[in-house]
Amino acid sequence: MTMTLGVEAAQAPKTKGKLTRPKPCYLWSTADVQKWFKRHCSEYFQLYSHLLIHHDITGKALVRMTEGTLIRLGITHPEHLEAIWREILKLRLKADIQEMKEIEMSSRI
């Protein structure tokens, strides 16, 4: 029985008492952007991650990017550009939705 509890305890998610929200993307460091890029644009990570590092792209800069910005960075292949742009737009939308939820929650208090 002790073994079963140990297994269950090992599988339980570790929390710090209160659930914490992920860091908002506009506060991301360049390392956070690299982690996001590797996770969401993995097939392009080896090709383009050095560009994001070279230009010190933070989360704030990432969500402000346009297709033109990506081209100026050096991402010119049309399929790559479209796929990376799509992921940035999804991130931007997710951030906007989270911000609206936070505004709504604060207005209820």
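Buried here means under 20% relative accessible area, exposed over 50%, and partly exposed in between. At 14% relative accessibility, Glu87 therefore counts as buried. The tour comes back to this residue after the core and the rings. Keep in mind throughout that the model is predicted.

**Whole chain**

Show the protein chain as a cartoon. Its secondary structure comes to 6 helices and 0 strands, and from the N terminus on the elements run α-α-α-α-α-α. Colour by relative accessibility next: of the 109 residues in the chain, 28% are buried. The accessible surface of the chain is about 8,500 Å², with 58% of this area belonging to carbon and sulfur atoms. For a contact map, take the contacts between residues at least 6 apart in sequence; 59% of these join residues at least 24 apart.

**Nonpolar core**

In soluble globular proteins, nonpolar side chains tend to be buried together. In this model, the largest nonpolar core has 24 residues. Select Trp36, Phe37, Leu62, Met65, Leu70, Ile84 and Ile88, the residues with the most contacts inside this core. Then show the helices that supply at least two core residues each: α2 (30–40), α3 (42–54), α4 (59–64), α5 (67–73) and α6 (78–108). The largest share comes from α6, with 6 residues.

Centre the view on Ile84. Which residues does Ile84 touch, not counting those up to four places away in sequence? They are Phe37, Cys41, Tyr44, Tyr48, Leu70 and Ile75.

**Aromatic rings**

Display the rings of Trp36, Phe37 and Phe45, which ring pairs link into a cluster. A pair of aromatic rings is described by the distance of the centres and the angle of the planes. The count for the structure comes to 3 aromatic pairs. One of them is Trp36 with Phe37, a tilted pair at 6.4 Å centre to centre and 35° between the planes. Trp36 is buried, with a relative accessible area of 7%, and Phe37 is buried at 1%. Moving on from Phe37 to Phe45, the ring centres are 6.1 Å apart and the planes stand at 45°, so this pair is tilted. Both Phe37 and Phe45 are buried.

**His80**

Select His80, placed in helix α6. Is His80 buried or exposed? Its relative accessibility is 15%, so His80 counts as buried. Leaving out residues up to four places away in sequence, His80 touches Tyr44, Leu47, Tyr48 and Ile75. Tyr44, Tyr48 and Ile75 also appeared in the list for Ile84.

**Glu87 and the salt bridges**

Side chains of opposite charge can pair when their charged atoms come close. The structure holds 4 salt bridges, and three stops follow.

Start with Glu87, in helix α6. Beyond its neighbours within four places in sequence, Glu87 is in contact with Trp36, His40 and Cys41. Trp36 was seen above in the ring cluster, and Cys41 among the residues that Ile84 touches. Glu87 also forms a salt bridge with Lys90, the closest N and O atoms being 3.0 Å apart. Both residues lie in α6, 3 residues apart, about one turn of the helix. Glu87 is buried, with a relative accessible area of 14%, whereas Lys90 counts as partly exposed at 47%.

Next, select Glu82 and Arg86. These two form a salt bridge with the closest N and O atoms 3.2 Å apart. They too lie in α6, 4 residues apart, about one turn of the helix. Glu82 is partly exposed, with a relative accessible area of 46%, and Arg86 is partly exposed at 41%.

For the third stop, select Lys23 and Asp32. Their salt bridge has its closest N and O atoms 2.8 Å apart. Asp32 is buried, with a relative accessible area of 18%, while Lys23 counts as partly exposed at 44%.

**Cysteines**

Finish with Cys25 and Cys41. A disulfide is a covalent bond between the sulfur atoms of two cysteines. How many disulfides does a search of the whole structure find? The search finds 0. Cys25 is buried, with a relative accessible area of 5%; Cys41 is buried as well, at 3%.

Definitions and conventions. Residues are numbered from 1 along each chain as its sequence is written. This is a predicted model: local features need pLDDT of at least 70, side-chain atom pairs count only at pLDDT 80 or more; totals for chains, interfaces and linings use all residues. Side-chain values use heavy atoms; hydrogens and water are left out. A nonpolar core is a set of buried Ala, Val, Leu, Ile, Met, Phe, Trp, Tyr and Cys residues joined through side-chain atoms within 4.5 Å. Buried means under 20% relative accessible area, exposed over 50%, partly exposed in between (1.4 Å probe, protein chains only). Contact means heavy atoms within 4.5 Å. Rings of Phe, Tyr and Trp (its six-membered ring) pair if their centres lie within 6.5 Å; planes under 30 degrees apart count as stacked, over 60 as edge-to-face and the rest as tilted. A disulfide is a pair of cysteine sulfur atoms within 2.5 Å. Accessible areas come from the Shrake-Rupley method with a 1.4 Å probe; for residues, only the protein chains shown count as cover. A salt bridge is a side-chain nitrogen of Lys or Arg within 4 Å of a carboxyl oxygen of Asp or Glu.
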